[in-house]
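Trainee: I have this one open and would like to go through it with you. Could we start with the side chains and then move out to the whole chain?

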Amino acid sequence: MCGIVGYTGKRQAYPIVIDGLKKLEYRGYDSAGVALQTGDAVKVYKKEGKVAALEEFVGEQSTAGTTGIGHTRWATHGEPSDRNAHPHVSKSGNLAMIHNGIIENYASLKNELIKDGYEFHSDTDSEVLLNFIEDIQLNNNCSLEEAIRIVLKRVTGAYVILIVSADQPDTIIAARKGSPLVIGIGNNEHFLGSDASPMLAYTKEVVYINDYELAIVRPDELILKNLGNETITPFVQKLDMELAAIEKGGYDHFMLKEIFEQPTTIADSLRGRLVLNESNIILSGIDLIQDKLLNARRIIIVACGTSWHAGLVAEYVIEELCRINVEVEYASEFRYRNPIITDEDVIIAISQSGETADTLVALERAKEHGATIFGIVNVVGSSIARISHAGCYTHAGPEIGVASTKAYTAQLAVLMLLALKVAKMKGTISEERFVELSQELNSVPEKVEWVLKNEVDNIKAIAFKYKDAHDVLYLGRGYNFPTALEGALKLKEISYIHAEGYPAAEMKHGPIALVDETLPVVFVATKDVYHEKVISNMQEIKARKGKVIAVVSEGDEVTHSIADDIMTVPILDEVLAPILTVVPLQLLSYYIGVYRGLDVDKPRNLAKSVTVE
């Protein structure tokens, strides 16, 4: 959730940390702060609001120091305020700490410390953790490193912590469990971050820290240990990412840039995998678990949010093409149920970040029962990638906008490849149908480009027309139903307008009671086997004076004659249509948010990566 940054080296730390916080502000923006090591003291500045508010607060005050840590917060314990902002300072003033995660047993620890005379100046679990570390250090007369190790064996929950001490110049001690941490390797300098974006301008060599690992970071030294004090050799990886990928590139918002990148990111996710001239799909991750997939009793797809909608699309496609029973589960529910899992099950985990806390725990539970784990993630080296038996990366590149757009369509592209490959392996698809769908899938980037070139002005006008709506209903059938859910989610996230997605046939089982002349109803109504039935549903809305907005296929004159407003997409096979039909809905939510004067890149209360429960 929160964004963390650290630097130790030969440069001044403050500008590097501030720049890093700006790149991570999509992870949290309730408050921000920095701690700088200056001589034998630690100086802390923190402020409620965005990073710009912190910069203004610091102003001309001294920011000298070549070691520093910074934090941008997404509130969990305690409302956004100066007092709850990170970094937190220990009772003695010697230690400063930033924390991403939740310490679940903080209340009992806090009571212990209060009995020992500690006073707390925030409502956070993080301040409790820091003072517990200092208390252990003082009472056991041990090193800070050892105190951290002892404490982390006693706490429950998720964390990444970065600590600086007045007594240890040029040193950052970091530890992780359940939340991401990357360390960049420079020339006599090191960079730390929740992801690699803060360090791209300085280095391409990184180390991804694993759960239960502790890092002692100095300008010329990186020591990794486990909680048993055993030294671990760092595994250095080279980043395949450019700085331009995390900049706006002339667009008004990251979200708009990422919507317009989709022709490229979908093509990148297909490139080298969809081999048309050989009528073949190359996915080495599938080859690794081929026997498991061919003999799977069922496939369980586990995901959250937008990734869950991608899983719903995959359920339709895999069952249709592969004839394997598929279940789609919310990871947050799956992890707490007692599902019947066996070694005949294949679990597909879908996550943009690869760090989603609920999904990770769900996978660990499934793995304990012998299930085979297949990960579909966007971030190389992420936790889900490491826990999976096999997997496939999407190639969406960094996604900065909190509301997922290009990551979603990249997930769909990979899921379509997976379904086609497994269907061919199982012999559940004819060669003619395989070739047809492969060629259609190859055409998707060009068709998305068509929408972006030809429909934007039209969608802007529709967005302006409906920007003051209080509620919106999204309806679709078959493959278009998950797209209706995703369209409604995007509108909620970006515009704060209440929106709900339903199967169009379910409209008469309740939602139709909401329909009057003020209610816009968005139909995903491209040409498919349900099209005539969806037309009937539109007529039912019109009969009750509702406003009909429709996503339609080129040449659909029937829908044109009924709908109040039309968003057109090229004709595409219904199996693949969800990759295309979602694009107008992304644009619609974006422009409504813009016309309402909202920060579409950082919607209130949301964070990009949900690394806590």
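Trainee: Which residues form one aromatic cluster?

Mentor: F464, Y590, Y591 and Y595 form that cluster; rings of Phe, Tyr and Trp (its six-membered ring) pair if their centres lie within 6.5 Å, with planes under 30 degrees apart counted as stacked, over 60 as edge-to-face and the rest as tilted. Keep in mind that this is a predicted model, in which local features need pLDDT of at least 70 and side-chain atom pairs count only at pLDDT 80 or more, while totals for chains, interfaces and linings use all residues. Residues are numbered from 1 along each chain as its sequence is written, and side-chain values use heavy atoms, with hydrogens and water left out.

Trainee: How many aromatic pairs does the structure hold?

Mentor: The structure holds 8 of them. One is the edge-to-face pair of Y590 and Y591, at 4.9 Å centre to centre with 75 degrees between the planes.

Trainee: And what about Y591 and Y595, how are they paired?

Mentor: Y591 and Y595 make a tilted pair, 6.5 Å centre to centre and with 35 degrees between the planes. They are 4 residues apart in helix α21 (residues 577–595), and so are separated by about one helical turn; helices here are DSSP runs of H or I with at least four residues, strands are runs of E with at least two, and both are numbered from the N terminus.

Trainee: Are those tyrosines buried or exposed?

Mentor: Y590 is buried at a relative accessible area of 2% and Y591 is buried at 8%, whereas Y595 is partly exposed at 33%. Buried means under 20% relative accessible area, exposed over 50% and partly exposed in between, with a 1.4 Å probe and protein chains only.

Trainee: Changing topic, which charge sits over the ring of F434?

Mentor: The charged end of K424 does, 4.4 Å from the ring centre, and K91 likewise lies over the face of Y118, at 4.7 Å from the ring centre. The criterion is that NZ of Lys or CZ of Arg is within 6 Å of the ring centre and within 35 degrees of the ring normal.

Trainee: What does E329 touch?

Mentor: Not counting residues up to four places away in sequence, E329 touches I300, I301, V302, A303, W308, F334 and R337, where contact means heavy atoms within 4.5 Å. E329 lies in strand β19 (residues 326–330) and counts as buried at 12% relative accessibility.

Trainee: Which residues are buried in helix α5?

Mentor: In α5 (residues 144–154) the buried residues are L144, E145, A147, I148, R149, V151 and L152. Their cover includes β6 (95–103), α4 (125–140), β7 (157–165), β8 (172–177), β12 (213–218) and β13 (221–226).

Trainee: Which residues touch the most other members in the largest nonpolar core?

Mentor: Of its 92 residues, I318, L321, L441 and Y474 do; such a core is a set of buried Ala, Val, Leu, Ile, Met, Phe, Trp, Tyr and Cys residues joined through side-chain atoms within 4.5 Å. Helix α14 (residues 406–426) gives the largest share of this core, 12 residues. Leaving aside neighbours within four places in sequence, L441 is in contact with L270, L274, M416, L417, L420, L576 and I579.

Trainee: And the chain as a whole, how many helices and strands?

Mentor: The secondary structure comes to 21 helices and 27 strands, and of the 613 residues, 61% count as buried. Along its principal axes the C-alpha trace spans about 80 × 55 × 45 Å.
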